[in-house]
Amino acid sequence: MKNLKEILGKEKGLLFYVKPQKAKKFLLYAKTNGCRWVNGQQISIGEDYCGHFMAIDQNLRIGYVSAMCWHYGDSSLKKLNF
């Protein structure tokens with residue numbers, strides 16, 4: 001997958017569908033691209049949990065997204081399968 005800053009230069013945020021078996025890989029991808037949790041904490045690959053639906057904004061903040069927001073939320077956000 002491309003560099004997040006490159007992708008987010010054209011988008012205000014991204015929504016990700018993450019399969020459970022790829023959760024650690026997704027968190028590692030986010031961490032290596034400079035992401036932090038919305039509260040500013042660093043991502044801890046061994047301790048943190050990744051949900052099925054995640055979002056990353058232009059400031060490289062990562063957070064959980066509810067299934068309802070995934071389906072009915074802002075349709076201008078690009079949705080990606082991880």
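**Confidence**

I began with where the confidence dips and peaks: helix H1 (residues 4-8) has the lowest mean, at 84, and E2 the highest, at 98. This is a predicted model, so I wanted the overall score too. The chain averages a pLDDT of 92, and 98% of the residues score at least 70.

**The sheet**

Next I looked up the strand order. I found an open sheet of 5 strands, running E2-E4-E3-E1-E5, with mixed pairing. Which strands sit at the edges? They are strand E2 (36-37) and strand E5 (78-81), and each pairs on one side only.

I then followed one pairing. Strand E1 (residues 13-17) runs antiparallel to E3, and 5 bridges join the two. In this pairing I noted glycine 13 opposite aspartate 57 of E3, and aspartate 57 earned its own entry.

**Aspartate 57**

I placed aspartate 57 in strand E3. Is aspartate 57 buried or exposed? With a relative accessible area of 18%, it counts as buried, because the limit is under 20%.

Which residue shares a salt bridge with aspartate 57? I found arginine 61, with the closest N and O atoms 2.4 Å apart. Arginine 61 is partly exposed, at 37% relative accessibility, whereas aspartate 57 is buried.

The side chain of aspartate 57 also reaches the backbone nitrogen of asparagine 59, at 2.9 Å. Setting aside neighbours within four places in sequence, I listed Leu8, Lys12 and Gly13 as contacts of aspartate 57. Gly13 in that list is the glycine I had already met opposite aspartate 57 in the sheet.

**The other salt bridge**

How many salt bridges does the structure hold? The count is 2. Besides the aspartate 57 to arginine 61 pair, I looked at lysine 78 and glutamate 11, whose side chains meet at 3.8 Å, N to O. This pair links distant parts of the chain: lysine 78 belongs to strand E5, glutamate 11 to the loop between H1 and E1, and 67 residues separate them.

I checked burial for both partners. Lysine 78 is partly exposed, with a relative accessible area of 38%, and glutamate 11 is buried, at 17%.

**Leucine 60**

A backbone angle caught my eye here. Phi of leucine 60 is near 60 degrees, so a positive value turns up in a residue that is not glycine. I noted this because most residues other than glycine have a negative phi. Where is leucine 60? I found leucine 60 in the loop between strand E3 (53-57) and strand E4 (61-64). Despite its loop position, leucine 60 is buried, with a relative accessible area of 9%.

**Aspartate 48**

I moved on to the loop between E2 and E3, where aspartate 48 is found. Aspartate 48 is partly exposed, with a relative accessible area of 27%.

What does the side chain of aspartate 48 reach? I found a polar contact of 2.8 Å with the side chain of tryptophan 37. A polar atom of the aspartate 48 side chain also lies 2.7 Å from the backbone nitrogen of serine 44. Not counting residues up to four places away in sequence, aspartate 48 touches Leu27, Trp37, Gln42 and Ile43.

For a sense of scale I took one span across the model: aspartate 48 and lysine 79 are 22 Å apart in space, C-alpha to C-alpha, and 31 residues apart in sequence.

**The nonpolar cores**

My last stop was the interior. The largest nonpolar core has 21 residues, and those touching the most other members are Leu4, Phe16, Phe26, Cys35, Met54, Ile56 and Ile62. H1, E1, helix H2 (23-32) and E3 each supply at least two residues of this core. Which element gives the most to this core? H2 does, with 5 residues.

I then took phenylalanine 26 as a sample. Leaving out residues up to four places away in sequence, phenylalanine 26 touches Phe16, Val18, Cys50, Met54, Ile56, Ile62 and Phe82. A second, separate core has 6 residues, including Leu15, Phe53, Ala55 and Val65.

Terms used
Residues numbered from 1 in each chain as written. Predicted model: local features only at pLDDT ≥ 70, side-chain atom pairs only at ≥ 80, totals over all residues. Heavy atoms only, no water. Helix = DSSP H or I, 4+ residues; strand = E, 2+ residues; numbered from the N terminus. Buried < 20%, exposed > 50% of the residue type's maximum accessible area, 1.4 Å probe, protein only. Pairing = 2+ DSSP bridges. Contact = heavy atoms within 4.5 Å. Polar contact = N/O pair within 3.5 Å; in protein donor to acceptor, adjacent residues only side chain to side chain. pLDDT = per-residue confidence, 0-100. Salt bridge = Lys/Arg side-chain N within 4 Å of Asp/Glu carboxyl O. Core = buried A, V, L, I, M, F, W, Y, C linked by side-chain atoms within 4.5 Å.
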